[in-house]
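Reader: Hi! Could you walk me through the charged pairs in this one? I'd like to chat it over with the model in view.

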Amino acid sequence: MEFSTADYSIFVLLLVLSAAIGLFYALSGGRQRTVQEFLLANRSMGFLPVALSLLATFQSAVAILGVPSEIYRFGTEYWFLGCSYFLGLLIPAHVFIPVFYRLQITSTYEYLELRFNKTVRIFGTVTFIFQMVIYMGVVLYAPALALNAVTGFDLWSAVLTIGLVCTLYTTLGGLKAVIWTDVFQTLVMFAGQLAVIVVGAQRMGGMARVWHLAEQQGKISGIDLNPDPYVRYTFWTLAFGGVFMMLSLYGVNQAQVQRYLSSRSERQAVLSCYAVFPCQQIVLCLSCLTGLVMFVYDREHPLAPSGTHRTPDQLVLYFVMDVLQDLPGLPGLFVACLFSGSLSTISSAFNSLATVTMEDLVRPHFPGLSESRATLLSKLLAFGYGLLCLGMAYVSSMLGPVLQAAISIFGMVGGPLLGLFCLGMFFPCANPTGAVVGLLAGLAMAFWVGIGSLVSNMGRATPLANSTVPPPINLTTPAVLATTLLTTTTPPPSPTGLQKFYNLSYMWYSAHNSTTVIAVGLLVSLLTGPTPPSAVDPRTIFPVLPRLLCCLPARYRQRLCCGVRFPTQPRSAFPTGWAPCQGTRPRSRATGRPPMRCRRRPSERGRGGHGTAAGPVLPGGAVGPR
């Protein structure tokens, strides 16, 4: 199972074209001379490239390897995860995107300062950086390791080549290059997966025969309405637990939100969220069909030689190399598909890390930083994170069995961060103390359950058929990459106590951890004194309860706003940099209070792109007072 010249040619072509896109945007147009151009593509992107970039970030290399192995092991129950995509994208489109886009922020964590204070913003930023730095090296090293084990493809040549090419086009071309390479790499991923399915099904006598044989073996699952959260996959677990997983990824993750903010308008950002929905369904179907074809093929043509150690992420590659070995170029196409997933995910990580570091940690301390210096520093940060990714890949190779614990950190952080943003956006009474304590409580709960599950499952692994190693780790999506690893074995028949708690389905992890943040944050806020309504910027709140209970009389809906008075004008009518305060309405007959003056956001001072040196820009081009 060696690569041919055609395979290497296709693989190299992928790298060359990816690097060429970065060079093109570095040498044309605005040439990434401003922070807005480099980090937000000058807010000029249309909805379709943004949607495909969102999909590419979601569809990482570990998903291409992991989802088919899940179908191979557990059947098509995982297919019902597609039900969660509807709410998982509808809520970000109509809740998170409007709030973030109208604030005209660059980093998601700027929101936390506007809603709470600078301390909460720093806690959120550091948590995100920790999450992504750990993940970057693993998402680069893991596919290369699987490829090396199956094909003999040189491990460190693959790691260094992918890492350096990704660093090159991300540093030179900025977010615009990242988005357009994601579009190209998405098309490569579709082509690679489709080629494997078509050729594999043809060799097994057609897709109808594959489906029939898989059904005979019990791999075609029906709807399991069991509400038990300790069962790995049920309809409720996938359809509702998956919603929280999707929200942590598409609602508040900086890598995804940054793409929304690069859209030329709020409408384009919302359309990108809608456009990614059918694309995700197609990707899920392709991955599930790959798993079914692989399962049937393995029954008639064992994939791995007898006595060979195999894990599920390697199973997919064994299948591809066996099915496509007589078709020069197609194995190279699938490897290009695999590493396209790595490129898209890692480049997104580089760009988002450079953004949060620049906007949350550097600019607040150097408000007088010139635009040219800020742009250069952003590029250096992206380059530095690229080198750090290569270093983390080397560390990952040295960890051995601890590698699972390193990967698990990613999934354990997504839920608490989702809870932190929901606490601020949906509960006006939450205060900064409650936000910090809630985040720490959510992280503590996540690590307790996650590490406890990992430890309790060690030594109790049930080997795969024809395998002498523990069952595979499931590498599905970036948001749940880690949590899946914590439940790699079939739960024991009747666990009790903490043992049962540690066998909670990984699909509920985000829901469990985000709920912990909200509950603890509200309790601490009430004990330490809720945030006064006059101190809450209405732009940072989404009045979810008044909108859900719109049939109630107005006075009851106003009480549900916790005293926060929203302007009668639409939020989009207010210029960027101005906060419509509670008193923008006429004098109240009940209180007699005069209208309050609007204020400018503290974070806008000294920043380009949102005003002028004389003051914020008002409608019509006039300059407001400083």
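Reader: Let's jump right in: is Asp360 buried or exposed?
Author: Asp360 counts as buried, at 2% relative accessibility. Buried means under 20% relative accessible area, exposed means over 50%, and partly exposed is in between, with a 1.4 Å probe and protein chains only. Before we go on, this is a predicted model, where local features need pLDDT of at least 70 and side-chain atom pairs count only at pLDDT 80 or more, while totals for chains, interfaces and linings use all residues. Residues are numbered from 1 along each chain as its sequence is written, and side-chain values use heavy atoms, with hydrogens and water left out.

Reader: Thanks! Which residue forms a salt bridge with Asp360?
Author: That is Arg121, and the closest N and O atoms are 2.6 Å apart. A salt bridge here is a side-chain nitrogen of Lys or Arg within 4 Å of a carboxyl oxygen of Asp or Glu. Arg121 sits in helix H7 (residues 118–151) and Asp360 in helix H14 (residues 330–362), so the pair ties together parts that are 239 residues apart in sequence. Helices (H or I, at least four residues) and strands (E, at least two) are DSSP runs, numbered from the N terminus.

Reader: And how accessible is Arg121?
Author: Arg121 is buried too, at 2% relative accessibility. It also forms a salt bridge with Glu113, with 2.4 Å between the closest N and O atoms. Glu113, Arg121 and Asp360 are therefore linked in a network of salt bridges.

Reader: Nice. How many salt bridges are there in the whole structure?
Author: A search finds eleven. One of them joins the side chains of Glu266 and Arg102, at 2.8 Å from N to O. Those two are 164 residues apart, with Glu266 in helix H12 (residues 266–300) and Arg102 in helix H5 (residues 84–103).

Reader: Are Glu266 and Arg102 buried or exposed?
Author: Glu266 is buried, with a relative accessible area of 19%, whereas Arg102 is partly exposed at 37%.

Reader: Switching topic: what does the chain look like overall?
Author: Its secondary structure comes to 22 helices and two strands. Of the 626 residues in the chain, 59% are buried.

Reader: And what share of the contacts is long-range in sequence?
Author: Among contacts (heavy atoms within 4.5 Å) with a separation of 6 or more, 81% are between residues 24 or more positions apart.
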